[in-house]
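Q: I am new to this structure and would like a close look at a single part of it. Please begin with one residue and then work outward to its surroundings.

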Amino acid sequence: NGTTTVYMLICLGLAVDYSAHIGHIFNLSSGLAQDRAHEAMTRIGPSVFHALFSTILAVLVLSASKSYVFQVFFKVLCLVTLIAGFKGLWLLPVVLSLAGGDSDRPDVVVNVKIPRPSATE
């Protein structure tokens, strides 16, 4: 069924998305586990929250639909977004601060220089 496939792919993507961002910044940080979790929430937490909030706002529009398919899509997507947001913004940082381990490596500094086109090109 095509509708079920679309639901599953969207739900899988949302379930992983928020946690992946928090986990990535935690992995790049150094220091004690609590400090690394705090740094991850400080650096990427607001962006993840804004992504969560904007997704919920976008899904709320579907709640007024009269179509059964869109009503089910609203319920499923709203529930998955709230659970994934809870998992990524609350549960994962707590688990990482308790069991994430300390890191002694120096902070990774990423300096990406984007070449600018010259006026002659």
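Is Thr42 buried, partly exposed or exposed, and what is its relative accessibility?

A: Thr42 counts as partly exposed, because its relative accessibility is 49%, and the range for that class lies between under 20% for buried and over 50% for exposed. The model is a predicted one, and the values here are computed from it.

Thr42 sits in helix α2, which covers residues 33-43. A residue from another part of the chain can be placed relative to Thr42: Ile25 is 17 residues away in sequence, and the two C-alpha atoms are 9.8 Å apart in space.

To place helix α2, consider the whole chain. The protein chain has 4 helices and 0 strands, and from the N terminus on its elements run α-α-α-α. Helix α1 spans residues 2-28 and helix α3 spans residues 45-60, while α2 takes up residues 33-43 and α4 takes up residues 68-99.

Now the pair formed by α1 and α3. The axes of these two helices come within 10 Å and cross at roughly 170°. An angle over 145 degrees counts as roughly antiparallel, so α1 is roughly antiparallel to α3. On the α1 side the contact is made by Tyr18, His21 and Ile22. On the α3 side the contact is made by Gly45, Val48, Ala51, Leu52 and Thr55. Sorted by type, the residues of this contact divide into 5 nonpolar, 3 polar and no charged.

Helix α4 also holds residues that touch other parts of the chain. Leu77 lies in α4 and counts as buried, because its relative accessibility is 8%. Leaving aside residues up to four places away in sequence, Leu77 touches Ile10, Leu14 and Val59. Ile10 and Leu14 fall within the range of α1, residues 2-28, and Val59 falls within the range of α3, residues 45-60. The C-alpha atom of Leu77 is also separated by 8.4 Å from that of Ile56, a residue 21 places away along the chain.

Further along α4 is Ser97, which is buried because its relative accessible area is 16%. With residues up to four places away in sequence not counted, Ser97 touches Ala33, Gln34 and Ala37. These partners bring the account back to α2, whose range is residues 33-43, the helix that holds Thr42.

Ala99 is found in α4 as well, but this residue is exposed, because its relative accessible area is 64%. Ala33 appears again here: the C-alpha atoms of Ala99 and Ala33 are separated by 7.5 Å, although the two are 66 residues apart along the chain.

Two residues outside the helices can be added. Ser65 has its place in the loop between α3 and α4. Ser65 counts as buried, because its relative accessibility is 18%, and the limit for buried is under 20%. The contacts of Ser65, again not counting residues up to four places away in sequence, are with Phe70 and Gln71. Asp104 is in the segment after α4 and counts as exposed, because its relative accessibility is 79%. The C-alpha atom of Asp104 is separated by 9.5 Å from that of Ser29, and the two residues are 75 apart along the chain.

Some totals give the setting for these details. Of the 121 residues in the protein chain, 31% are buried. Among contacts between residues at least 6 apart in sequence, 71% join residues at least 24 apart. The chain exposes about 8,300 Å², and carbon and sulfur atoms supply 68% of that area.

Last, the confidence of the prediction. The protein chain averages a pLDDT of 87, and 88% of the residues score at least 70. Confidence is lowest in α1, at a mean of 89, and highest in α3, at 93. Where pLDDT is low, the predicted coordinates should not be read in detail.

Terms used. Residues numbered from 1 in each chain as written. Predicted model: local features only at pLDDT ≥ 70, side-chain atom pairs only at ≥ 80, totals over all residues. Heavy atoms only, no water. Axes fitted to C-alpha atoms, helices over the stretch in contact; angles between N-to-C directions. Parallel < 35°, antiparallel > 145°, perpendicular 65-115°, else oblique. Contact = heavy atoms within 4.5 Å. Nonpolar A, V, L, I, M, F, W, Y, C, P; charged D, E, K, R; others polar. pLDDT = per-residue confidence, 0-100. Buried < 20%, exposed > 50% of the residue type's maximum accessible area, 1.4 Å probe, protein only. Areas by Shrake-Rupley, 256 points an atom, 1.4 Å probe, with all protein chains shown as cover.
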